[in-house]
Amino acid sequence: MRHVEATFAPVDHQAWRGERAHRDHGPVLIDGPALVRDADTGDVVLAHVPVVDSIDLDLIGTAAEAVDYPGARMKRANGMFNRAATFGYRPRLPVYMQPGCSGNVMNVEQPELAGTFEAAATLVQPYYREHSPDRYERHLELAQAIDPAWRMGGADGMFTQGIVNHTTAHPYHTDGGNFPDVWSGMLVARRDTVGGELVVPEYGVRLACPHGFVVLFDGQRLMHGVTPILPTGPLPRRFTVVYYALSAMRQCLPPDDEVAYAQAARTATERRMHELTPDRPPVVYLIGEPGSGKSTLMAAFTDRYEAEARTAPFAHRVLRNADGLVIGVELGKRRDNFSGTDALAMNVGPKVRAWLAEVDAAEVVCVLGEGDRLTNGRFLTECDAVVRLDVPEAVADERRRQRGSDQNASWLKGRRTKLSNLADMVTDTIDGTAPLADQLAALDAIYARCCAS
Ligand SMILES: [Fe+2]
């Protein structure tokens with residue numbers, strides 16, 4: 001076993017997210033059994049080890065080959081398919097019209113395959129326990145808050161869901177929705193390929209991920225991505241099966257009660273739909289002073305969807321979920337500076353209001369936006385939710401300083417005055433100093449209330 005000491009050097013997650021993983025970002029190659037230790041804390045932060053006889057990765061690979069991957073989509077960048085399918089259990093997702101916790105689609109459609117992957121969940125756990133015993137115990141304790149019926153492996157299980165990735169060079173991202181400070185476990189079954197290294201830029205390492213290995217790390221904290229996968233033979237495949245624990249599963253009642261809960265929620269939703277006949281789509285708008293994190297939060301929300309940019313009648317992006325269904329429209333553009341509606345023309349307000357009046361509410365589903373451009377009374381009266389991202393001035397000042405903004409004091413004062421004048425219009429407040437995952441959960445709840453009922 002190789003021991004690698006690596007120093008944690010954080011990267012700007014917002015800037016890196018979505019960029020292609022490159023081997024230069026992880027100069028230290030780890031191609032055999034290895035543990036990566038944080039040079040400052042001594043904590044083992046990555047384990048890259050071969051699995052022994054307990055897990056048959058040839059069998060896992062055969063099962064992965066047989067999975068019916070939904071929403072298969074050709075990736076323009078490298079010509080490879082981006083295919084993935086989840087198994088195990090999923091939390092309440094009112095956004096997707098799933099009011100109750102339930103099994104994933106694979107559990108219903110291909111139960112034998114789901115069973116094969118689920119059976120390996122508890123077999124990953126001993127590797128976790130061996131290489132990070134303290135974290136393992138903490139994770140196991142957190143998992144006790146989830147009803148055993150919603151854990152793979154039942155009362156002994158600590159993972160709630162898994163995903164099978166079919167030969168995909170994922171761009172940089174962090175995983176979301178997991179318990180904090182815990183590991184996910186990834187099994188690798190591959191053949192006829194080179195590349196497909198897992199790059200972890202914040203520790204300057206890249207992991208070869210050969211066939212038969214398990215990789216364990218905190219994918220929620222550490223930025224990670226996969227380098228291009230190149231074929232070397234007739235059946236190029238790089239399957240990874242990732243096991244993780246979704247903290248939202250804590251809200252799931254025991255299965256029978258959960259079914260009753262979901263049924264009641266569905267009935268309530270249907271009643272509301274009969275009562276309301278919206279003539280324009282609901283609008284959710286984020287406001288807050290410069291540096292409050294509006295565009296970061298909006299990016300975290302929209303990054304989970306496929307986005308298609310349109311330019312008329314003004315720049316906006318149509319967001320689709322994995323099934324290709326529109327979940328909403330984001331106003332403006334996404335870019336590093338002056339993102340969102342700030343990318344739109346100064347006088348775009350009337351255009352947006354006219355568009356809202358004309359557009360088919362059922363087709364647009366939901367209008368989302370953030371930015372100073374439309375932070376005015378005329379527009380905000382059109383909004384179903386005016387969400388204020390709240391941070392202390394000192395925090396916003398520091399964030400702006402960090403990103404090198406040189407806005408002058410009187411400009412800022414004007415922004416703050418404007419916001420306080422609009423205080424009466426605020427329907428929801430999100431704590432901008434909370435972890436991004438919590439902010440996102442709050443925004444998801446607002447989305448569900450305004451747009452998914
Ligand atoms: Fe990931």
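Which residue is the bridge partner of Val-199 in β14? The partner is Gly-225, and the first legend below shows the sheet to which this pair belongs.

This is a predicted model, in which local features need pLDDT of at least 70 and side-chain atom pairs count only at pLDDT 80 or more, while totals for chains, interfaces and linings use all residues. Residues are numbered from 1 along each chain as its sequence is written.

**View A. An open sheet of 4 strands with mixed pairing.**
The strands stand in the order β2-β12-β11-β14. Strands (E, at least two residues) and helices (H or I, at least four residues) are DSSP runs, numbered from the N terminus. Two strands pair if DSSP finds at least two bridges between them. The edges are formed by β2 (28-30) and β14 (225-226); each has a single partner strand, so one side of each is left without a neighbour in the sheet. Strand β11 (residues 198-200) runs antiparallel to β14, and 2 bridges join them.

**View B. An open sheet of 7 strands with mixed pairing.**
Here the order is β18-β19-β20-β21-β17-β22-β23. Because β18 (306-310) and β23 stand at the edges with a single partner strand each, one side of each has no neighbour in the sheet. From one strand to the next, the twist averages 25 degrees; such angles run from 0 to 180 degrees between N-to-C directions, and the axes are lines fitted to C-alpha atoms, for helices over the stretch in contact. In a regular strand, side chains alternate between the two faces of the sheet.

**View C. Parallel and antiparallel pairs within the sheet of 7 strands.**
Strand β17 (residues 283-287) pairs with strand β22 (residues 385-390) in the parallel sense over 4 bridges. Within this pair, Val-284 stands opposite Ala-385 of β22. β22 also pairs in the parallel sense with strand β23 (residues 428-431), over 4 bridges, and Val-387 has Asp-428 in β23 as its bridge partner. In contrast, β18 and strand β19 (residues 316-320) pair in the antiparallel sense over 5 bridges. Glu-308 stands opposite Val-318 in β19.

**View D. A cis peptide bond between Ala-312 and Pro-313.**
Omega of this bond is about 0 degrees. Pro-313 lies in the loop between β18 and β19. Most peptide bonds are trans, and most residues other than glycine have a negative phi.

**View E. Two residues with positive phi, Cys-209 and Val-365.**
Phi of Cys-209 is near 55 degrees, and this residue is found in the loop between β12 (205-207) and β13 (213-217). Phi of Val-365 is near 70 degrees; the place of Val-365 is the loop between α9 (361-364) and β21 (367-370). Is each residue buried, exposed or partly exposed? Cys-209 counts as buried because it has 23 C-beta neighbours inside 10 Å, whereas Val-365, with 19, counts as partly exposed. A residue is buried if 20 or more other C-beta atoms lie within 10 Å of its own, exposed if 12 or fewer, and partly exposed in between, with C-beta atoms placed from the backbone.

**View F. The largest nonpolar core, with 67 residues.**
A nonpolar core is a set of buried Ala, Val, Leu, Ile, Met, Phe, Trp, Tyr and Cys residues joined through C-beta atoms within 7 Å. Leu-187, Val-215 and Val-241 touch the most other members. Helix α4 (residues 111-131) gives the most to this core, with 8 residues. Val-241 touches residues including Ile-60, Phe-117 and Leu-187, not counting residues up to four places away in sequence; two residues are in contact if their C-beta atoms, placed from the backbone, lie within 7 Å. A second, separate core of 36 residues includes Tyr-285, Leu-374, Ala-396 and Leu-443.

**View G. The packing of helix α2 (residues 57-66) against α4.**
The two helices pack at an angle of about 145 degrees, with their axes 10 Å apart. The contact is made by Leu-59, Ile-60, Ala-63 and Ala-66 of α2 and Leu-113, Thr-116, Phe-117 and Ala-120 of α4.

**View H. The surroundings of His-131 in helix α4.**
His-131 counts as partly exposed because it has 19 C-beta neighbours inside 10 Å. Not counting residues up to four places away in sequence, His-131 touches Leu-35, Val-44, Ala-47 and Leu-216.
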